[in-house]
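User: I'm new to this one, so could you walk me through it and tell me how each label is earned?
Analyst: Sure, have a look first and then ask away.

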Amino acid sequence: MSTQVQKPPAADIDRPTRLRLYQLMVELRDFEQRAYELFLENLVRGTSHLALGQEAIAAGYAVAMRADDYTFCTYRGHGHTLARGASMAAAMAELLGRGNGMMHGKGGSMHLTDVKHGAMGSYAIVGAHLPIAAGAAWSAQVRKSGQVAVCFFGDGTTNIGAFHEALNLAVVWKLPVVFVCENNQYMEYTPIRSVTAVEHPAADRASAYGLESILTDGNDADVMYDIARQTIGKARAGGGPSLVEALTYRHGGHSRGDPAKYRPEAEVREWLSRDPVKRYRERLLASGVSEAEVNEIETRAQQKVDAATEEARNGAPATVDEIERQVWSDGSAKWRN
Amino acid sequence: MAELSFREAIAAGIAQEMERDPLVYFIGEDVGAAGGVFKATVGLFERFGPERVRDTPISEQAIIGAAMGAAMTGLRPIAEIMFSDFLATCWDMVANQIAKTRYMTDGQVSLPLVIRTANGGGTRFGAQHSQSLENWGMAVPGLKVVAPSTPADAKGLLAGAIRDPDPVLFFEQKSLYGVKGDVPDGEHVEALGRAKVLRDGKDCTIVALAAMVPRAMAAADRLAADGIEATVVDVRSLVPLDTRTILAEVRKTGRLFTVEENPRLCGWGAELASIAADECFDDLDGPIVRITAPHVPLPAADVLEDAAMPSTGRIVQTVLRSMR
């Protein structure tokens, strides 16, 4: 395969954007770590899938998106939802099953959605949201709204039919949608390479849809921001879809109960050394941003997560009268007269 | 009134709504220049153009997923699944995504979309192109389920489904496509969730859906010759279900028969029987009887398919046996 990892971009990303990228990554990192702590306290019920280590992809794209663009993500979607500006307290409260949760406790960790911020949903059946994102892009296309849909998914998704159906339709209809594969190397507990016909599960299949093969360093926020600008710009200009494969790594297991013992220690060490947050911090300092400024960003992020946690924990449990609400557009669950 | 075939009435219903609302779009396999494999959408492509009437690849997940994504962002799409049997290939989209997203997001998302599909037997197509699958939809909270029996309802209920703010599975029984009937002139829209009493009789109530409605009506004629006066109710909409109308008729006659094209287990009639047993037990003068296909995949050969599907003769015999 001739697929090559793309080179880092020229240094044309301005300072406020870089600070914003770092701020977002730190916030997402701190939120996920807090979610994990609350899980250990048995306050997060059900399951949760953390994106620790994958922050550069969410931040890079979110910063490059227009406020009315659409994000579609997976059950590993806390970061993508928050990156669009969704309330951290409402997200945390949803994880805790509280009445002040983002969906009043009816969705849970795997379905965070905040439509008013363009976070069009976290989808928990692998592959389902790719055709749905294509549909949102179709709607934007025919409404001539200039909106772009960005759809994030894992490497495992590339082996399900919906991936291929969505890509084909998006190309045939030239839809303004960007498909971003977050290749964190593992399909749940199984190395993606051991179950996939090609080395790069998304990039090596791009040619099947007449698309450019794009393989990027998903742990570099500048690279991700740059590719986001390019692919979103292309979509918005009527150039059709892109398929991006971003190489990254989950710092933890697949879901909350998974210690990820199946991963070789050397591999984990190697990827931790490429931690996108630490790496970006060093780059900021090297580029002349002061230690004080970086510390300030980190302190503010901690405070934001603390405040969100406090607000979430103080929320009352979800109320049972929610059960029969909002099946239908009239707000009810009525199926007979 | 104009006399239209069921298939012409479908096209007329879509055209009426596309004319009225520029946000209505229609997608599916072979729906464009070909006019649909059942010719139920002839003329739409020429009238509304390739952007609003759009051919898709054979990608049912993409068709239904695209309809969902479009519905949640401002369009009112109609998506066609050529045969209802193919819903199995995109049931995740229908049952997990479309049905649940409004609820899970606590109302942040609305999904005003219609999935039209050719349903049911009578065409000798065999078990994978003949199923009567309304029950699949009925079993999933968040889906409305409609199945018309006449050209007038094909147009009116389809228009009602397109205007409905929630997702609707619209089942078109394919052996009805050639049936002709009067359709009101001008704008014709029927609200969902209303059953229709087609015939009034004092002795028993026969409740039927889609292609079973004309058979129930024919059976009622024959029963009258045997001295049994049957009420016939066309359910029309399984979700929402007009239990008020149906139970009122059951109370009047004291007997309930359901005629269902679907295989035996968990048919819509079972739910109706349960509700009737629960709420009008004291009014019943005899057992509730379900007339269904046997619990088998539908066979292809004409003699086998005809014998498997509830026929007029089987309805008559079942009612006579039970009423004596």
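User: What makes the two domains of chain B separate points to measure between, and how many Å separate their centres?
Analyst: Taken over C-alpha atoms, the centres of domain 1 and domain 2 of chain B are 26 Å apart. Domain 1 covers 2-183 and domain 2 covers 196-323, with bounds that come from an automatic or database domain assignment. As for ground rules, this is a predicted model, where local features need pLDDT of at least 70, side-chain atom pairs count only at pLDDT 80 or more, and totals for chains, interfaces and linings use all residues. Residues are numbered from 1 along each chain as its sequence is written, while chains are lettered from A and ligands numbered from 1 in the order in which they are written.

User: How do you know which residues of domain 1 of chain B are in contact with domain 2 of chain B, and how many are there?
Analyst: The test is distance: two residues are in contact if their C-beta atoms, placed from the backbone, lie within 7 Å. By that test, 26 residues of domain 1 of chain B meet 22 residues of domain 2 of chain B. On the domain 1 side, α6 (134-138), β6 (144-146), α7 (151-163) and β7 (168-173) of chain B give two or more residues each. Those names are DSSP runs numbered from the N terminus: helices are H or I with at least four residues, strands are E with at least two.

User: And which part of chain B gives the most to the side that touches chain A?
Analyst: That's α3(B), with 8 residues. Overall, 42 residues of chain B are in contact with 39 residues of chain A. The chain B side divides into 18 nonpolar, 17 polar and 7 charged residues. Here Ala, Val, Leu, Ile, Met, Phe, Trp, Tyr, Cys and Pro count as nonpolar, Asp, Glu, Lys and Arg as charged, and the others, Gly among them, as polar.

User: Why is chain A called as compact as a globular protein of its length?
Analyst: Chain A has 10 helices and 8 strands. Its radius of gyration is 20 Å, close to the 20 Å that the globule rule gives for 337 residues, so chain A earns the description. The radius is taken over C-alpha atoms, and the rule is 2.2 Å times the number of residues to the power 0.38.

User: Does chain B get the label too, and what is its radius of gyration?
Analyst: Chain B, with 12 helices and 14 strands, has a radius of gyration of 19 Å, close to the rule's 20 Å for 324 residues, so it is as compact as a globular protein of that length.

User: What makes strand β3 of chain A "mostly covered"?
Analyst: A residue is buried if 20 or more other C-beta atoms lie within 10 Å of its own, exposed if 12 or fewer, and partly exposed in between, with C-beta atoms placed from the backbone. In β3 (residues 149-154) of chain A, 6 of 6 residues are buried. A149(A), C151(A) and F153(A) point one way, and V150(A), F152(A) and G154(A) the other.

User: How do you know which strands pair with β3(A)?
Analyst: Two strands pair if DSSP finds at least two bridges between them. Strand β1 (residues 70-74) of chain A runs parallel to β3(A) and is joined to it by 3 bridges. Strand β4 (residues 177-183) of chain A also pairs with β3(A) in the parallel sense, over 6 bridges. C151(A) has F72(A) as a bridge partner and F179(A) as its partner in β4(A).
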